[in-house]
Each structure stands twice: as structure tokens, then as C-alpha cells.
Amino acid sequence: MRYSEFGLTTLKEVPAEAEIVSHQLMLRAGLIRRLTSGIFSWMPLGLRVIRKVEAIVREEMNRAGALEMLMPAVQPAELWQESGRWDMYGDLLLKMSDRNERDFCFGPTHEEVITDIARKDLRSYKQLPINWYQIQTKFRDEIRPRYGVMRSREFIMKDAYTFDLDAEGLEASYQNMHAAYSAIFSRLGLKFRVVDADSGEIGGNRSQEFHVLADSGEDAIVFSDVDNYASNIETAATECPAQGPLKPTQKLEKVATPGAKSIEAVANMLGIAANQSIKILIVDGIEQPVALVLRGDHEVNAVKAQKLPGVASPLTMADPAAVREASGCEPGYIGPVGLGMTMYFDHATANLSDFVCGANEVDMHYTGVNFGRDLDAPETVDLRNVVEGDPTPGGKGTLSIARGIEVGHIFQLGTKYSEALGATVLGSDGKEQLLEMGSYGIGITRIVGAAIEQNHDDNGIIWPDPLAPFDVVIVPINMHRSDLVREAADAIYAELADAGLEVLLDDRDARPGVKFADAELIGIPHRIVVSDRGLGNDELEYQHRRDTESRNLKREEALNLLKSAAVT
């Protein structure tokens with residue numbers, strides 16, 4: 001491809017609306033253009049990257065025995081009402097009506113559609129297992145689209161669905177997809193981790209996320225330093241400390257803490273560490289508000305808390321009036337001593353002694369509080385987010401936390417959708433049996449943004465070789481004034497293209513600095529510079545995008561190096 005025929009427009013300045021590196025570089029490099037909030041056009045350069053991602057995904061899905069199909073993007077409301085998700089999915093679901101006032105949605109996912117196909121087409125256990133997949137445009141009406149393609153409203157996803165006769169078959173299909181996903185992300189050249197996760201709106205019994213590691217990642221992922229434990233922070237488990245509380249050394253006292261409503265303010269006023277205090281969060285309950293009790297330096301985990309009996313889901317903080325009515329006290333001064341309402345204590349509170357908590361009286365706190373003396377020792381539950389250095393579940397090591405970008409998610413759905421939609425087959429005994437189902441998603445467009453977040457420098461994108469829109473960029477110096485340079489550049493272009501490389505020839509009448517800057521911004525792995533001086537020595541200037549300096553190579557050596565890269 002010749003640059004002059006490619007129609008590529010790059011930007012020098014960072015667009016004001018771009019918040020993160022991938023969004024900035026995708027706009028500057030001409031990969032995408034914004035149409036409206038959360039909706040982007042993919043320009044030719046960006047589409048080349050998408051096609052690279054799709055090709056690898058297709059190859060590995062096909063290798064895993066999956067069958068490609070294509071389902072409608074627009075789905076009838078009746079299917080979503082059958083599954084119960086028409087209302088449950090909330091405002092993320094883009095709803096519309098046709099001319100006959102029939103309700104539809106623009107599919108954010110396709111569990112309902114594929115289950116409808118399964119209940120109509122699958123009749124016997126002999127047709128199982130089966131794995132269908134598609135690469136399709138989805139739409140989720142995000143309340144606040146941001147970060148470019150990382151959290152857009154319209155996006156491209158690969159979604160796959162397996163159907164099996166029993167749980168054992170589902171487990172085999174699930175592990176098959178786990179292996180396929182690992183192969184996909186390895187082939188894409190990305191550093192990633194697989195973590196246990198919450199199933200969210202999709203539902204089901206078990207799920208795992210595939211995260212590209214990047215400092216800018218939205219998600220915190222937790223992993224062990226000595227074993228294979230890994231989890232999204234939403235589902236990372238904590239356990240009750242083996243050591244119980246120490247014997248009391250202080251007497252219970254009520255002390256004045258005027259205006260100190262926060263843990264930080266109380267700790268500063270009393271000269272204690274935050275981890276020597278307890279805080280209470282009053283949240284909405286199914287029938288009445290519920291108190292969540294945590295160590296002062298810990299944060300509540302909403303996913304865990306909203307699964308507790310009596311706690312409303314999604315987890316919602318009670319409004320001040322409800323807090324006052326339930327506790328009899330102003331927010332900020334509530335404590336567990338004498339509190340007459342349902343309380344859940346986090347595991348980490350179990351070994352506290354001589355701690356500080358609210359005294360259920362404005363501007364007052366208790367010091368020297370101890371379980372067994374001042375209040376009953378509670379049965380504790382897992383309520384909080386893990387923190388760096390926490391013990392691994394099972395006690396084999398300690399936990400580390402990194403940032404990750406979710407690019408894939410696999411689910412064991414069980415019979416959630418087959419039961420709702422009546423998808424059954426005849427088993428070997430001739431009896432009807434509900435299908436066991438799995439769901440497996442990969443964010444195709446999200447992968448592009450995640451790859452850039454993980455691979456860039458101050459000058460632009462550094463594509464992993466499998467994702468690069470071109471393999472080589474040829475930069476001729478003054479080719480419009482030198483027949484020798486023009487002829488050599490054309491010959492090199494033809495030779496590399498014949499060798500199977502995707503080549504971009506920068507044939508613009510532009511200054512070398514402009515060409516070099518654009519080559520680095522676009523992030524093409526290999527760069528060849530053709531100049532009169534180099535050709536006089538039968539040399540080409542070569543630089544890999546990850547290198548800090550170029551080197552002069554004999555023409556044949558440089559071309560052989562590039563051809564070998566094409567083979568690998």
C-alpha cells in the first residue's frame with residue numbers, strides 16, 4: 001500500500017475528549033473517528049487491526065471445533081421476556097419498536113437467541129456437544145461511555161455458546177474454550193492473566209475473565225505469589241484469621257469526638273491507626289436496613305455484600321433518614337455496641353481487641369472495645385475487598401494486586417436459559433433433559449485498545465507483530481528528487497510484498513522528520529529508510545519499533561531479516 005493512496009490522516013495534538021492513552025493514540029493515528037458519544041467509525045488503518053484480531057480468533061475457535069454462524073443484531077422482546085432479562089438488564093438494553101409497535105432490542109449479547117435456536121434445532125443427545133459462535137456488532141447503552149473503544153456503546157464481540165447433555169459435558173466444553181482463549185491471547189502477543197470472576201448480568205454458576213495487564217486497567221486483579229490462585233477483586237476471597245483477638249488491656253470508655261464523622265478524622269483525633277477501629281455502613285435491606293461492619297481501613301465489596309441474606313441487590317447505601325430511623329443515631333457515629341439491627345461482621349474484625357467504634361451518640365466514640373466483654377463475639381462473613389499482602393485463600397502465600405483490562409469472559413451457565421426457554425433434548429433413556437449451556441465472549445474492538453494500553457511509548461503505538469496493520473514501513477528520503485531512491489524504494493516494496501509481507505510505502509513529498517514521526521505514531525514493527533547515501537554503500541537503515549536506535553545493514557541482509565520475520 002502506498003501512503004499517498006491510503007488516505008490516512010494523523011493528528012499532532014491530543015484530542016481534548018481523549019482521556020486515556022489508547023483513546024488518544026487511536027484518534028491521533030487515524031484508527032478511529034468519533035461519530036457520537038460511545039460510537040466510532042473504524043478507519044482503514046484501524047479496520048486492518050480488527051481483521052488481524054478476528055483472523056486469529058476465528059482460527060483458534062475453528063481449531064477448537066466451534067461452528068461459525070451469524071445471528072440478528074435486533075432481537076424481539078418476547079425472547080428477553082421469556083428469560084426474565086427484559087427488565088432485569090435495565091437501561092443498558094437499547095429498546096425500540098417497529099412500525100407495528102412490536103418491541104425489540106439491539107442485542108448486547110445473544111443467549112436468548114441461541115437458546116431459541118437450540119430448542120428448535122436440537123432434538124437428541126446424539127447432536128451434542130455443539131459449539132456455535134459468531135463475530136457480531138453489539139450495543140450496550142452505557143450511562144457514561146468513556147475511554148474510547150474501551151467502554152463504548154457499540155462494539156464488536158466474538159460470542160460463543162456451547163450445549164451439552166450434562167454438567168460433565170459442560171465442564172469439558174468450558175475447559176476447551178479456556179484453552180482456546182489462552183491460545184488466542186498468546187498468539188495476539190499480549191501479556192494476560194485468567195482470573196475467577198462474578199457472572200454479573202449473564203448469570204450462571206462459574207465464570208473466569210481474561211485480562212490484559214496494563215497500568216491503566218479499570219479492574220483490579222488479584223493473584224498469588226506461590227500458586228495458581230487468581231481472581232477479580234470482586235470475587236477474591238478472604239478468610240477468618242486463624243489468630244483470635246488478644247486479651248483486653250483497656251477498659252471501655254466513651255470519649256468526645258466532636259465533628260469526627262470519618263475514620264480518618266477519628267484516627268487523627270484519637271491518635272490511632274485506622275486498622276484499630278471499626279466502621280459501620282448502613283445499606284438497604286429487602287425488608288429493613290442492614291449494618292455492614294468492617295475494619296476501619298477496609299473497603300466493602302459490593303458483589304459479596306449484596307449476596308448476603310436480607311441485603312438488597314444491587315447494594316445501595318441507605319439514605320440518611322433511613323439510617324437515623326434504623327440506628328437511632330446520626331451517620332458517622334454508629335457503632336455495634338448496643339445497636340439493635342441486623343449486623344454482618346467482616347472476617348477481619350474477628351481478631352480486633354481494644355478497638356474504637358461509634359458510640360451511637362453524636363460526637364461520641366467508644367475506645368477499648370472488646371468482643372466477649374462489651375459485645376458478643378460474632379459469626380463473621382467475607383465482606384471486603386482484599387488488599388496487597390493478604391494471605392492467599394488456603395494460606396499458601398500472599399496476594400498481589402495488578403491492574404487489568406477485561407477482554408474475554410467465559411461462563412458456565414448451566415440450565416439458567418434452557419430452563420427459562422424450555423430447551424431440551426431426548427437423552428439416551430428417551431426422557432427429556434434440559435441442556436447444559438456455556439457462554440464465551442471476547443471483545444474484538446476492546447482488544448485493540450487494550451493492546452495499545454499495554455504497548456506504547458511517548459512517540460506512539462508499539463504493535464505486537466500479530467496485530468500490526470502493516471509489517472514494514474519503507475521511508476524513502478527525497479524520493480521525488482532522486483530517481484535512484486525512488487526506483488530502489490519501488491523495487492524493495494515489490495520484493496517484500498512478493499515475500500508475503502504487508503508493506504506501507506511512504507511516498508509522500510514530506511520532510512523525513514514528518515515521515516519518521518508518523519511511522520512511530522502508527523507503530524509499524526519494522527522500518528526501512530532508503531537514502532542516496534545508504535544506497536551508495538549498498539545499505540539500508542533498519543529499525544524495529546521497539547529499538548531506541550537504527551542500524552545500517554547491507555541491502556540483502558536487511559531484506560532477508562524482514563523476509564524471515566514474515567515466515568515466523
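**Exercise 1. Decide whether asparagine 478 is buried, partly exposed or exposed in this predicted model, and describe its backbone.**

*Step 1.* Start with the accessibility: asparagine 478 has a relative accessibility of 37%. Buried means under 20% and exposed means over 50%, so asparagine 478 counts as partly exposed.

*Step 2.* Now find its place in the chain. Asparagine 478 sits in the loop between β26 (472-476) and α13 (483-498).

*Step 3.* Turn to the backbone. The phi angle of asparagine 478 is near 60°, which is positive although the residue is not a glycine. Most residues other than glycine have a negative phi.

**Exercise 2. Locate asparagine 360 and give its phi.**

*Step 1.* Look between β17 (355-358) and β18 (364-369): the loop there holds asparagine 360.

*Step 2.* Read off the angle. Phi of asparagine 360 is near 60°, again a positive value in a non-glycine residue.

**Exercise 3. Work out the geometry of the peptide bonds leading into proline 129 and proline 314, and place both prolines.**

*Step 1.* Take the bond from leucine 128 to proline 129: omega is near -5°, and the bond is cis. Proline 129 belongs to the loop that runs between α6 (111-121) and β7 (130-139).

*Step 2.* Do likewise for the bond from serine 313 to proline 314, where omega is near 5° and the bond is cis. The loop holding proline 314 lies between α9 (302-305) and α10 (320-327).

*Step 3.* Set this against the general rule: most peptide bonds are trans.

**Exercise 4. Find the largest cavity and name the elements that supply at least two residues each to its lining.**

*Step 1.* Search the whole structure with a cut-off of 30 Å³ or more; one cavity turns up.

*Step 2.* Note the volume of the largest cavity, about 60 Å³.

*Step 3.* List the lining: Ala519, Glu520, Ile524, Arg527, Gln543, His544 and Arg545.

*Step 4.* Match the lining to the secondary structure. α14 (512-522) and β29 (539-544) are the elements that each give at least two residues.

**Exercise 5. Sum up the protein chain as a whole: its elements, extent, burial, contacts and charges.**

*Step 1.* Count the elements: the chain has 16 helices and 30 strands.

*Step 2.* Gauge the extent. The C-alpha trace spans about 95 × 70 × 50 Å along its principal axes.

*Step 3.* Check burial and surface. Buried residues make up 51% of the 568 in the chain. The accessible surface is about 25,600 Å², with 48% of it from carbon and sulfur atoms.

*Step 4.* Examine the contacts: among those with a separation of 6 or more, 69% join residues 24 or more positions apart.

*Step 5.* Finish with the charges. There are 58 positive and 86 negative charges, and their mean positions lie 3 Å apart.

Definitions and conventions: Residues are numbered from 1 along each chain as its sequence is written. This is a predicted model: local features need pLDDT of at least 70, side-chain atom pairs count only at pLDDT 80 or more; totals for chains, interfaces and linings use all residues. Side-chain values use heavy atoms; hydrogens and water are left out. Helices (H or I, at least four residues) and strands (E, at least two) are DSSP runs, numbered from the N terminus. Buried means under 20% relative accessible area, exposed over 50%, partly exposed in between (1.4 Å probe, protein chains only). Contact means heavy atoms within 4.5 Å. Accessible areas come from the Shrake-Rupley method with a 1.4 Å probe; for residues, only the protein chains shown count as cover. Lys and Arg count as positive and Asp and Glu as negative; His and the chain ends are not counted. The place of a charge is taken as NZ of Lys, CZ of Arg, CG of Asp or CD of Glu. On a 1 Å grid over the protein atoms alone, a cavity is a set of points where a 1.4 Å probe fits but cannot get out, and a pocket is an open set with protein on both sides within 12 Å along at least five of seven lines; lining residues have an atom within 4 Å of a point. Grid points are joined across faces, edges and corners, and a volume is the space filled by probe spheres set on the points.
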